Amino acid sequence: MTKSKRVSDNGWKPVTLEGSLLSNDIEGLIGIEELTDYNLERSSKKGKVITTRVKSTEEKKSVSKRKCPKEQEETDINNIEPSTKKSKIKKAEVKRPKIKNEKIKPANFKITDQQTDSDSDSDSYCDIDSDKNLAKINAEAWRSMGVPTAVIKALADQNFHSPTMIQTRTLPAAILGRRDILGAAETGSGKTLAFGIPIIKGILDLKNQNKDQNCPEKGTEESDSENIVLSELENYVNIVNDTKLHDCHNIPTKPLYALILTPTRELAIQIRNHLTQAAKYTDVKIAVVLGGMAAVKQERMLNKGPEIVIATPGRLWELIQEGNSHLSQIDSIRYLAIDETDRMMEKGHFQELHDLLEKMNANPAKMQKRQTFVFSATLTMVHDLPDYLDRKKKRYVRSKICKLTSNQKLQKIIQLLKIKNPKVVDLTKESGIVDNLTECRIACTIDHKDYYLYYFLKRHNGRTLVFCNSIGCVKRLATLFNILECKPLPLHANMQQRQRLKNLERFQADENGLLIATDVAARGLDIPSIEHVIHYQVPRTAENYVHRSGRTARAQKEGITVLMMEPSEKQNYIKLCKTLGRTDDLPIFPVVDRILITIKERVNVARDIDKLELKYRRQNNQKSWLQKAVEDMEMILDEEDDDESSTESEEAAALRRQLKAKKNQLRSLLSKPVFPKGFSGKYLDTNLNVDVTQDAQKAIEVMKKVIENNTDKSKDSNATSQKRQHTQKLRSKKLKKT
C-alpha cells in the first residue's frame, strides 16, 4: 500500500448547512469545514514521490470555459465510464515519463509486427535470409506446410532442420485442411510439435481476425485518450464517489483457445517448455496446470488469460469445480490435444477426463468449430485380455467380452472425443520399437537381480534409467544403491512434485546419472542422451514396455534396453512377445561370471547394512516413543525398567558396533577395482575370457558384437543343416536305385 499525505492544508473553509443537524445545546461548539484546493503526495513502491494537485471548483470552472464544446462532451462521457478504466489510465500516466527516456530497438518492432500482422505480412518484417540459423535449416519445407514464419525462426534456433515423418504427414492436413488428427508414431519422433505447431498457427490467425474486427473501435479510443487523461486529474475526487463500481465485473475475459491434456505432470511441463520455445517470437501465452503445486499460484497464472493451457485432468477439473473464470470457457475452446491418449482412455483411469469431455461436448455448435489432436506411440497397439476377463469370458458363454482390434480401438476413441473427418496416420511397426534400439535380456533369479544391475552400472558408463513396477521396489533399490555409492535418484508418484522435478534436473545434468523410477517416467519424457534403459521387472503390458524402451534411442540416436527376467515372470514375458509379434527370444546380454564374485560380495554387505540400519531406526523410534510417553505422563521408572533399558542400550551399542564394522568393510571393498580374486593389473589371466579394454566400450557395442556372432553362428548352423538334408536326400536316392 502506498502512503499518502496532504500538503498546504491552508485553505479550510467553513461549510454552511441548511437546517439544524445537531442539537441546540452544542450547535455553537461544533462546525464543519471543507478543503477544496490541496496537493496530494504519494510514495510509490520504488521510493519516488508523486504529487497530484486537486483543484477547487472555481479553478475547474475556469478550465472548462477554455475547452471547446467537443472536448466538453468527451469529458462528460469519460465521467460516466467505470472507475477501473480510469485507474488504468492513471497508471499509464505515471509510467509515461519512463517510456520517453527508453530507446526502442528495431528488433522488437519486428517481433511485434509478426504478432499483429498476418503470415503474409510478417515475411516482410522477419528477414529469413539474413538470419544465420535460418540458413542452416530447410525453411522452405516448413513453409510449404503452412508453418508461420515466426515459428520457423524459433525452430531454426533449436536446429530443427526439416520436419520428421510424423510432422510431414500431419502438418499439411492439420494447418491447411483443418482436419482432426489421429497420429501413432514411435517414441522420440516429434509428436509434440506435430500438434503444437497447428495450435500456435490457428491461435495467431484467430487473434489477427479479432484485431481486424476491433480495429475501428481502437481508432476512436486512441483519439479520445488525451482528453481522458486531462479529465482524470480534474475528477480525482469524483472517482471515489463513483456509483458504478460494480461495472468492473463486466470486463471481458481473455479467450481460452487451446487445451492440451497429459497423463503425467512431468510430461505437461515438458510440453510447456517445447511449445514456449516454438512460440517465443509470437505473443501466444502458455500456462501449465497440474497437481502437486500451489493451486493459488496456478490461479494467478490463469488470471493473466493464457491462450493455451496444458494440464493434467485432476487439477484441471478441481479448478473448474471451484469456478475459475478463465477455465469456465472450456466448452468454447477451438483446439483440443490429448497426448498418450490410449493411457488416458483406459477404463478405471482418469475419471476426471470423462467429466471434462462431457462439459466440452455439451454445446454441439461450439463442438463443430473445435479441432482435435490425438497422439500416442501405442495408439493402434492391442493386447490379449487380462486373465480375470479371460476367465470370465470362458465362464459365461453369452459374454460380450472380446479382444479389440486396432480399428475398433480407434473407433472407440473417435466416438468418445466426437472427432469429425479425422486423418489417421500410423507410422508404428508391429513391434513398436525403433530400428536404432538394441534389445536384450538377462535371465536370473530374483535374488540375483541386484548383482546383475550393479554389474551393469559398474561395467558400462552412461546415463541409465531403471524401471520398476512398484513404489516399494524403487525405494528399496534407491536405498541399496545409495549405500553402494551409485548416487541413485528415485522418481515415483508418492514424492513431492518439487522433489520429482529436482531429481529429473539432476539426472539430466549428470552424464553417468542413475534414475530409478516407476511408470510415471515411462511416457513422453524427452531426457537427452539416455543410453541404457533397464527393466528391473518385466512390465505388465506391452504398451509399458514400448514406452519405457522409448526413453532411449530418441532423435536418431542409438540406445539399448535390457529386460531382467526371473522364472516367475516368464508368463508375462511370453505375453509381451506375443503382443509385439516376436517369434524369437531376445538375445542374452553377455556377463562375465568371474567378475560377479566381487559384485556379490559388495551387494551382500550393502544388504546387511540396509537391514542393520532399519533395525537400528526401529529401536530408536520405539525408545523415543517410550521416553516421550513417560515424560508426558510424569512417571518414574522402576529399577526393573531401568535394568531393561540398560540391556536395550547394550543391544543398541552392539548394533552400532556391528553397523560400523560393516560400513568399514564395504568402504574397503569399494576402494578396490571390480575384478576377480587373483587378477592383477600387470598380468592377464589366460583362464579369464575378458578383455581389459572392454571397460572403455559401450554396452551397445558389446551387445552388437554378440548379435553379430549369433547371426554368424545361426548362418553356419543353417548351412550345416542344409548339407545334412542334402546328404540324406542323396542317400535315400541311392537306396531307391538299389
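Let's start with a word we'll lean on: helices (H or I, at least four residues) and strands (E, at least two) are DSSP runs, numbered from the N terminus. Residues are numbered from 1 along each chain as its sequence is written. What you have in front of you is a predicted model, where local features need pLDDT of at least 70, side-chain atom pairs count only at pLDDT 80 or more, and totals for chains, interfaces and linings use all residues, while side-chain values use heavy atoms, with hydrogens and water left out.

Okay, the overview. The protein has 28 helices and 18 strands. Of its 738 residues, 41% are buried, where buried means under 20% relative accessible area, exposed means over 50%, and partly exposed is in between, using a 1.4 Å probe and protein chains only. I'll also say "contact" a lot, and that means heavy atoms within 4.5 Å. Among the contacts with a separation of 6 or more, 76% are between residues 24 or more positions apart.

How confident is the predictor? pLDDT is its confidence in each residue, from 0 to 100. The protein averages 78, and 71% of the residues score at least 70. Residues 217-223 stay under 50, and the model gives that stretch 1 contact beyond four places in sequence. Residues 680-696 are also below 50, but there the model has 18 contacts beyond near neighbours in sequence. Where pLDDT is low, the predicted coordinates should not be read in detail.

Now, a residue to find on your screen: His-326. Where is it? In the loop between H15 and strand E10 (335-339). It counts as buried because its relative accessibility is 3%. Leaving aside neighbours within four places in sequence, His-326 touches Lys-254, Pro-255, Leu-256, Leu-302, Gly-305 and Pro-306.

Leu-302 turns up again with Val-289, which sits in strand E8 (residues 286-289). Val-289 is buried too, at 1% relative accessibility. Again skipping neighbours within four places, its contacts are Gln-298, Leu-302, Val-309, Ile-310, Ala-311, Thr-312, Arg-315, Leu-316 and Leu-319. Take that last one: Val-289 and Leu-319 are 30 residues apart along the chain, and their C-alpha atoms are separated by 9.1 Å.

On to the helix pairs. Two packed helices are described by the angle between their axes and the distance between the axes. The axes are lines fitted to C-alpha atoms, for helices over the stretch in contact, and angles run from 0 to 180 degrees between N-to-C directions.

First pair: H15 (residues 313-321) and H17 (residues 351-360). Their axes come within 9 Å and cross at roughly 50°. That makes H15 oblique to H17; for the labels, under 35 degrees is roughly parallel, over 145 roughly antiparallel, 65 to 115 roughly perpendicular, and the rest oblique. Which hand does the crossing of H15 and H17 have? It's left-handed, meaning the near helix is turned anticlockwise from the far one by less than a right angle, whereas clockwise would be right-handed. On the H15 side you'll see Pro-313, Gly-314, Leu-316, Trp-317 and Ile-320, meeting Glu-352, Leu-353, Asp-355, Leu-356 and Lys-359 in H17. Those residues split into 6 nonpolar, 1 polar and 3 charged. Here Ala, Val, Leu, Ile, Met, Phe, Trp, Tyr, Cys and Pro count as nonpolar, Asp, Glu, Lys and Arg as charged, and the others, Gly among them, as polar.

Next, follow H13 (residues 265-278), since it takes part in two of these pairs. With H23 (residues 497-509), the axes come within 11 Å and cross at roughly 60°, so H13 and H23 are oblique to each other. That crossing is right-handed. Arg-265, Glu-266 and Ile-269 of H13 meet Gln-497, Arg-500, Leu-501 and Leu-504 of H23, which gives 3 nonpolar, 1 polar and 3 charged residues.

H13's other partner is H10 (residues 191-213), with axes within 10 Å and a crossing of roughly 50°. This one is also right-handed. Thr-192, Leu-193, Phe-195, Gly-196 and Ile-200 of H10 make the contact with Ile-271, His-274, Leu-275 and Ala-278 of H13. By class, we get 6 nonpolar, 3 polar and no charged residues.

Last stop, backbone angles. Most residues other than glycine have a negative phi, and most peptide bonds are trans. Lys-487, though, has a positive phi near 55°, and so does Ala-553, near 55°. Are these two buried or exposed? Lys-487, in the loop between H22 (471-483) and E15 (488-491), is exposed at 67% relative accessible area. Ala-553, in the loop between H24 (542-549) and E18 (559-565), is buried at 5%.

Definitions and conventions:
pLDDT is the predictor's confidence in each residue, from 0 to 100.
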